[in-house]
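Work through these exercises with the model open beside you. Try each task before reading its solution.

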Protein chains: 2
Amino acid sequence: MDPDLSRLDGYLADAGVDGYLVNASAEDATQRYLSGFSAPDPYTTLYTADGEAHLLVSGLEYGRAKKDARGSAERPTDYDRRAKVAEYGPTEGGHRVVAEWLADKGVDSVATPSRFPLGLADGLRSLDVAVTADHDDVVERVRAVKTEAEVDNVRAAQEANEKAMATAERMLREADPDVDGVLHLDDEVLTSERIQQEIEVTLLREGCALDETIVACGSQAADPHERGHGPIYENEAVIVDIFPRSKATGYYADMTRTFCVGEPSDTITEWYDLTEEALDAALAELEAGADGSVVHGAACDVYEDAGLPTLRADESTETGFIHSTGHGVGLDIHEYPRLSTQENELEAGMVVTVEPGLYDPEVGGVRIEDIVVVREDGYENLTRYERSLVV
Amino acid sequence: MDPDLSRLDGYLADAGVDGYLVNASAEDATQRYLSGFSAPDPYTTLYTADGEAHLLVSGLEYGRAKKDARGSAERPTDYDRRAKVAEYGPTEGGHRVVAEWLADKGVDSVATPSRFPLGLADGLRSLDVAVTADHDDVVERVRAVKTEAEVDNVRAAQEANEKAMATAERMLREADPDVDGVLHLDDEVLTSERIQQEIEVTLLREGCALDETIVACGSQAADPHERGHGPIYENEAVIVDIFPRSKATGYYADMTRTFCVGEPSDTITEWYDLTEEALDAALAELEAGADGSVVHGAACDVYEDAGLPTLRADESTETGFIHSTGHGVGLDIHEYPRLSTQENELEAGMVVTVEPGLYDPEVGGVRIEDIVVVREDGYENLTRYERSLVV
């Protein structure tokens, strides 16, 4: 699946530079996308105005890069690295290798992602290469619009995700409370950590890697990035947020459900219903040409109409709807576009999460998150998992 | 466990700058080390000459940062982010938030890691903050020398690693070849992927996350970074290289063993014996005050004396000993120091791998890797796993 890089070509022409330069490991989504290669340590990729990609990789990666990468592959040793290091030291010697490789490609001016390493940029500048940070990260914009093959990669990761979510829900359903309301399963206390582990084993067996998994109960769930730890209690809301990455393709999925074993409080029930309403209101705004801020606004409206605080209405609130409505998902878990107060025009083929939620340490947290593809006249929901609070 | 940052203090004094500035997610080891905090998206940490750490984190991470981080925590909203974005746009608005936060700490000059993001650096420069890349990455030097608590973190990850290696070895031992020499286990072909999955499930159950795991057989093993795929064959060398990261502490371990089911060829047997000899020769050079290049040289000598090519003798060789002898391990899997042709003086408390190996697509690959702590008068081997080629 070759990406459509015409937007990048246009950017280079407009910026009047010879190429786009990336230095990062394949953990960096732009690196993986442009190079068509994956290696654990940083390597350098140059995309030139003629539409060619060139890689400069360590000798250790050279064999694989020649076979697998999108473009040509060379090694520092092809540019007399050892002699340059001997003459100029490892830092300047390394910079001179890159500068000579660029010159060899006829390149003396480059744009870079905004997170390009400063040391290499300043080193190249001192060797008369013009280096400009591309603050808009054009490749992230290019990546945002997925081919159908890329959508299928997200869909496959989401299918694994739903098996993992089912594992978590099953553990909650099969658990029983003790007299203190602590859940037990198979004669042991049911903790966030136990559920996280079974989620992650399920994902591994489905070919997915994982970052952190959130299984957060009660007041822990009121902090949207708290992973959760310790016992799970009956009658409390438990947020389960899973974002696996396919090992084979590198694409992520993302989904959140909120569960309650026993009887949720009236407030949690009300919050759950409102959050489902906010999710549906946001989804209803999704289509090519819509703006992300309008989608976010639809979710905010539901909460604000119910008298609840939002970050949109009060930038300093620590309770209520305290994050944006969603974000792009692809080779990165958080990428362009944002469904937030920022203006981000949505295009067909963008994959985004829609994930309103409410938080208050006194009450707990509720979040429901689907992952969808923006289509010309609406959206396609890649999420099949049912929404249901009480397990 | 608070790190000893006196070397960083000395660096700031020598460089004549007000602080050390990091902008990265906690995946970045220097960020995690300096901030004492972990978040999945980039955040900013400032270490000032008075020994204080300050964090600038998103509202989403603010609650956790206030509780968990080493230093003070503030949010962009504390510096009127929204007004600045409205006036200057998201890029310059964001840079102005950081600049004002720096000014608030009395800082108008900073050093940064060499991989600090160029966009933010140039943005701060245009707002009259002096930003200099620290090409020697002083914090990586500080991180290289571990406290005993950090060594214990590596030791714990290595204990999990040995359980995972035992899983792999057991699967190989219990497998049987078919008439074509393909190994079978439980009535299914035994593949690299099956062994990788059981290694990774074992690690997860031991509280470790994982990057990639290498289980590479035959000619695949001749490419040191090939992860391995497809069936495992009898009479071939299988390289198993596992580098788990403790989820709780963030510290890595690293170990490689080479196994053969059946009868290894004479060449593989000879390579295995030579590699064990190279490993022991390198270990014998390890002690505080020794140089990494001498340790590497001891391994190279063994191979060169046996008439085999090394990268030291021939920078362009693609067979033989084609990588360095080892690297530091800590919050990063590959960190300072290197055991390579570079000069890196070893200090007590450094944790390094020692991992000589031989590679040739016509033969296969052999690598044996231990992880050790440099001590005043030698080293402590954190690896208990036996070395044995034939399973």
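**Exercise 1. The two copies**

By what turn and what shift along the axis can chain B be laid on chain A, and with what RMSD?

*Solution.* Keep in mind that this is a predicted model. Step one: take the turn, which is 180 degrees. Step two: take the shift along the axis, which is 0.0 Å. Step three: check the fit; the RMSD is 0.0 Å. The two copies are therefore related as by a two-fold rotation axis. Step four: compare the contact surfaces. The same surface serves both copies, as 100% of the contact residues of chain B recur in chain A.

**Exercise 2. At the axis**

Find the residue of chain B that comes closest to the rotation axis.

*Solution.* Go by the C-alpha atoms. The residue is L118(B), at 2.2 Å from the axis.

**Exercise 3. The extent of the interface**

How many residues of each chain are in contact, and what area is buried between the chains?

*Solution.* Start with the residues: 54 of chain B are in contact with 54 of chain A. Next comes the area, about 4700 Å² buried between chain B and chain A. Carbon and sulfur atoms give 44% of that area. Now look at single contributors on chain B. L60(B), L118(B) and E315(B) supply 15% of the area that chain B buries against chain A, more than any other three residues. L118(B) was also the answer in Exercise 2, as the residue of chain B closest to the axis.

**Exercise 4. Polar links and building blocks**

Count the salt bridges and the residue pairs in polar contact across the interface. Then say which element of chain B gives the most to the side that touches chain A.

*Solution.* The salt bridges number 10. R82(A) forms a salt bridge with E315(B), with the closest N and O atoms 3.9 Å apart. That passes the cut-off of 4 Å. Polar contact links 25 residue pairs across the interface. Elements of chain B that each supply at least two residues include β1, α4, β6 and α8. α3(B) gives the most, with seven residues. By type, this side of chain B has 18 nonpolar, 15 polar and 21 charged residues.

**Exercise 5. One histidine**

Is H95(A) buried or exposed, and which residues does H95(A) contact beyond its neighbours within four places in sequence?

*Solution.* First place H95(A): helix α4 of chain A, residues 81–104. Its relative accessible area is 11%. The cut-off for buried is under 20%, so H95(A) is buried. Its contacts in chain A are G119(A), L120(A), G123(A), L124(A) and L127(A). Across in chain B, H95(A) is in contact with H135(B).

Key: Residues numbered from 1 in each chain as written. Chains lettered and ligands numbered in written order. Predicted model: local features only at pLDDT ≥ 70, side-chain atom pairs only at ≥ 80, totals over all residues. Heavy atoms only, no water. Least-squares fit on C-alpha atoms with pLDDT ≥ 70 in both. Contact = heavy atoms within 4.5 Å. Helix = DSSP H or I, 4+ residues; strand = E, 2+ residues; numbered from the N terminus. Buried < 20%, exposed > 50% of the residue type's maximum accessible area, 1.4 Å probe, protein only. Buried area = accessible area lost by both parts, 1.4 Å probe. Salt bridge = Lys/Arg side-chain N within 4 Å of Asp/Glu carboxyl O. Polar contact = N/O pair within 3.5 Å; in protein donor to acceptor, adjacent residues only side chain to side chain. Nonpolar A, V, L, I, M, F, W, Y, C, P; charged D, E, K, R; others polar.
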